[in-house]
Amino acid sequence: MVIVSRKCVQVLIGALIGLCLPLVAMAQTATVLTSAQIVEIFAGKTIKQVDDQYWAFFEPTGRLGGLYVNDEDEGRWGFAEDQICQQWSEWNANKTLCFYVLEGIEGAYRFDNGEGSGFNVVVRDGNPMDLL
C-alpha cells in the first residue's frame with residue numbers, strides 16, 4: 001500500500017485539470033474544417049494521436065495506412081458532408097467512421113464524432129512511419 005499526502009493528491013489533481021483545460025478551450029473555440037481544408041491539411045501527411053500510440057497516413061489517392069501500437073491496417077479515406085471518413089480493412093469491423101475536424105491551437109486538430117467523443121492529433125509531413 002502506498003500512502004500519499006492530501007497535498008500530493010491536490011497537486012496531482014491540479015496538474016490533470018491543467019492538462020485538460022487546453023482541450024476544453026480548443027473544443028469551445030475551434031473552427032470546423034471543410035472538406036477542401038481537410039484535403040489541404042491531411043493529404044500526403046501523417047497524423048499522430050496526442051495521447052495514444054495511433055498513427056495514420058492519408059495518401060492523396062484515398063488510401064489510408066494505420067499503426068496502433070504494433071498492429072497495422074490499411075483502408076480508404078474520403079468525405080461526407082465536411083467530415084473526414086475512414087474505413088479500415090480490419091479495424092472497427094470494416095465500418096466507416098466519420099469525424100468533424102476541429103482546428104485547434106499550436107498545430108493540433110480534434111477528430112470529433114459529433115456526439116462528444118473523439119481524439120486530438122498533430123500532423124506530420126509525409127509518411128515517417130512508412131505505413132503503406
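1. A polar contact is a pair of N or O atoms within 3.5 Å. In this predicted model, a polar atom of the R110 side chain lies 3.4 Å from the backbone oxygen of G118, so the pair falls within that cut-off. R110 belongs to strand β8, which covers residues 108-112. Its relative accessible area is 15%, and because buried means under 20%, R110 is classed as buried.

2. Overall layout. The protein chain contains 2 helices and 9 strands. Read along the sequence, these elements follow the pattern α-β-α-β-β-β-β-β-β-β-β. The chain has 132 residues, and 33% of them count as buried. Among contacts with a separation of 6 or more, 42% are made by residues 24 or more positions apart.

3. The disulfide. How many disulfides does the rule give? The count comes to 1, and the bond joins C85 to C98 with an S to S distance of 2.0 Å. C85 lies in strand β6 (residues 84-88) and C98 in strand β7 (residues 96-103), so the link ties together parts that are 13 residues apart in sequence. The angle about the S-S bond is 110°, and the link is right-handed. As general background, a disulfide is a covalent bond between the sulfur atoms of two cysteines.

4. Exposure of the two cysteines. Are C85 and C98 buried or exposed? C85 has a relative accessible area of 8% and is buried. C98, at 24%, counts as partly exposed. The cut-off for buried is under 20%, which is why C85 with 8% meets it and C98 with 24% does not.

5. The loop between β6 and β7. Two residues here deserve a check of their backbone angles. A93, found in this loop, has a positive phi of about 55° although it is not a glycine. N94 is found in the loop between β6 and β7 as well, and has a positive phi of about 65°, again without being a glycine. A93 is exposed, with a relative accessible area of 61%, whereas N94 is partly exposed at 38%.

6. The second largest pocket. This pocket holds about 170 Å³ of space. Its lining is made up of Q49, Y54, Y68, Q86, W88, W91, N92, L97, F99 and F119. Which elements give two or more residues to that lining? They are β6 and β7. By class, the lining has 7 nonpolar and 3 polar residues, and no charged ones.

7. G66 and its surroundings. G66 is part of strand β4, which spans residues 63-68. With 0% relative accessibility, G66 counts as buried. Beyond its neighbours within four places in sequence, G66 is in contact with W55, A56, D71, E72, D73, W88, W91 and L131. For W91, which is 25 residues away from G66 along the chain, the separation between the two C-alpha atoms is 9.6 Å.

8. A link between points 6 and 7. W88 and W91 are among the contacts of G66, and both tryptophans also appear in the lining of the second largest pocket. G66 itself is not listed in that lining.

Terms used:
Residues are numbered from 1 along each chain as its sequence is written. This is a predicted model: local features need pLDDT of at least 70, side-chain atom pairs count only at pLDDT 80 or more; totals for chains, interfaces and linings use all residues. Side-chain values use heavy atoms; hydrogens and water are left out. Helices (H or I, at least four residues) and strands (E, at least two) are DSSP runs, numbered from the N terminus. Buried means under 20% relative accessible area, exposed over 50%, partly exposed in between (1.4 Å probe, protein chains only). Contact means heavy atoms within 4.5 Å. A disulfide is a pair of cysteine sulfur atoms within 2.5 Å. On a 1 Å grid over the protein atoms alone, a cavity is a set of points where a 1.4 Å probe fits but cannot get out, and a pocket is an open set with protein on both sides within 12 Å along at least five of seven lines; lining residues have an atom within 4 Å of a point. Grid points are joined across faces, edges and corners, and a volume is the space filled by probe spheres set on the points. Ala, Val, Leu, Ile, Met, Phe, Trp, Tyr, Cys and Pro count as nonpolar, Asp, Glu, Lys and Arg as charged, and the others, Gly among them, as polar. A polar contact is a pair of N or O atoms within 3.5 Å; within protein, one must be able to donate a hydrogen and the other to accept it, and residues adjacent in sequence count only if both atoms are side-chain atoms.
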